[in-house]
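Biologist: I'd like to learn how to read the empty spaces and the odd backbone spots in a model. Could you walk me through one?

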Amino acid sequence: MARDLRGQKLVVASHNAGKVREIGALLEPFGIETVSAGDLGLPEPEETGLTFQANAELKARAAAEASGLLALADDSGLAVTALDGDPGIYSARWAGPSKDFNLAMEKVEQALKEKGSDDRSAAFICGLALATPDGEMDYFEGRVEGTLVWPPRGDKGFGYDPVFVAKGYDITFAEMEPDAKHAISHRADAFRQLTDVFLK
Ligand code: IMP
């Protein structure tokens with residue numbers, strides 16, 4: 001794949017407004033124009049993979065093929081140590097069809113209680129796949145370690161942000177200013193790896 005993405009137009013292969021916003025913000029400093037799969041009316045492929053990598057790659061491949069543009073997909077989630085990595089790739093699904101993350105956070109808390117473990121460590125993981133319309137693929141994976149708090153705190157961010165406190169911090173991701181979260185998040189870590197290769 002061409003090693004410089006600057007000035008290119010890229011489809012963000014996601015229908016999740018929170019992710020599209022964060023990815024757009026991370027790419028903007030490089031002068032990369034982004035358009036979302038939702039804006040282009042692209043179909044949302046079923047996430048049939050069993051890993052972050054498989055799901056990120058299938059989403060990027062589908063968007064690149066359907067749009068004829070470079071496509072970037074993010075598959076991410078919260079991996080809780082005491083729950084053997086759950087909800088993991090099922091993080092969005094734990095919120096149910098109405099995408100209720102209060103419910104998802106309660107399910108995580110309930111599952112931890114049922115485990116009876118006092119290990120509250122967790123990590124956000126972000127797989128990023130970059131696909132070209134002619135089938136080339138690159139993959140990067142980033143993570144941020146932290147612990148889970150209860151009850152949820154803060155109203156910035158999205159998803160599981162209100163229960164996640166990154167290592168070295170005492171406020172949740174949902175209490176942090178977006179720029180502060182972007183500097184240390186799993187998505188930022190994966191992006192740093194991507195920019196090291198494609199935007200040096
Ligand atoms: P998917 O990658 O679209 O399957 O969904 C990943 C899910 O993981 C999201 O819907 C969120 O619930 C959760 N998630 C991923 N990244 C973050 C984050 O930065 N903050 C909070 N939740 C996240």
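**Reading the spaces**

Modeller: Let's start inside: helix 3 (residues 101-115) provides the largest share of the lining of the largest cavity, three residues. Keep in mind that this is a predicted model.

Biologist: How do you get at a space like that in the first place?

Modeller: Rolling a probe the size of a water molecule over the atoms shows where empty space is left. Here, searching the whole structure turns up one cavity of 30 Å³ or more, and the largest cavity has a volume of about 30 Å³.

Biologist: Which residues line the largest cavity, and how do they split by class?

Modeller: The lining is made of M105, V108, E109, R120, L148, V149, W150, Y160 and V163. Sorted by class, that gives seven nonpolar, no polar and two charged residues.

Biologist: Now the pockets. What is the volume of the largest pocket?

Modeller: A cavity is a space the probe cannot get out of, whereas a pocket is open. In this model the largest pocket comes to about 790 Å³. It has 36 lining residues, and N16, K19, E47, K59 and A92 are the closest to its centre.

Biologist: Which elements supply at least two residues of that lining?

Modeller: Helix 2 (52-67), strand 3 (70-80) and helix 5 (186-198) each do. Strand 3 gives the most, with four residues. As for chemistry, the lining of the largest pocket has 16 nonpolar, nine polar and 11 charged residues.

Biologist: There's a ligand in the picture too. Where does the ligand sit?

Modeller: The ligand sits in the largest pocket. The elements giving two or more residues to the shell around the ligand are strand 3 and helix 5. Strand 3 gives the most to this shell, with four residues.

Biologist: So who are the neighbours, and which of them come nearest?

Modeller: There are 19 residues around the ligand, and K19, S76, F101, D161 and K181 come nearest. The shell holds five nonpolar, six polar and eight charged residues.

Biologist: How should I read the polar contacts to the ligand?

Modeller: Look for pairs of N or O atoms within 3.5 Å. Three side chains to look at here:

- K181 has a polar side-chain atom 2.8 Å from an oxygen atom of the ligand.
- H186 puts a polar side-chain atom 3.1 Å from a nitrogen atom of the ligand.
- R187 has a polar side-chain atom 2.8 Å from a nitrogen atom of the ligand.

Biologist: And how much of the ligand's accessible area does the protein cover?

Modeller: On its own the ligand has 490 Å² of accessible area, and the protein covers 96% of that.

Biologist: Let's turn to the backbone. Which peptide bonds are cis?

Modeller: For this, check the omega angle. The bond from D86 to P87 is cis, with omega near -5°, and P87 is in the loop between strand 3 and helix 3. The bond from W150 to P151 is also cis, with omega near 5°. P151 belongs to the loop between strand 5 (137-148) and strand 6 (164-166). You've met W150 already, in the lining of the largest cavity.

Biologist: What about phi: is the value for D84 positive or negative?

Modeller: D84 has a positive phi, about 55°, although it is not a glycine. You'll find D84 in the loop between strand 3 and helix 3, and P87 is in that loop as well.

Definitions and conventions. Residues are numbered from 1 along each chain as its sequence is written. This is a predicted model: local features need pLDDT of at least 70, side-chain atom pairs count only at pLDDT 80 or more; totals for chains, interfaces and linings use all residues. Side-chain values use heavy atoms; hydrogens and water are left out. On a 1 Å grid over the protein atoms alone, a cavity is a set of points where a 1.4 Å probe fits but cannot get out, and a pocket is an open set with protein on both sides within 12 Å along at least five of seven lines; lining residues have an atom within 4 Å of a point. Grid points are joined across faces, edges and corners, and a volume is the space filled by probe spheres set on the points. Ala, Val, Leu, Ile, Met, Phe, Trp, Tyr, Cys and Pro count as nonpolar, Asp, Glu, Lys and Arg as charged, and the others, Gly among them, as polar. A residue is near a molecule or strand if one of its heavy atoms lies within 4 Å of it. A polar contact is a pair of N or O atoms within 3.5 Å; within protein, one must be able to donate a hydrogen and the other to accept it, and residues adjacent in sequence count only if both atoms are side-chain atoms. Accessible areas come from the Shrake-Rupley method with a 1.4 Å probe; for residues, only the protein chains shown count as cover. A molecule sits in a cavity or pocket if more than half of its atoms lie within 2 Å of its grid points.
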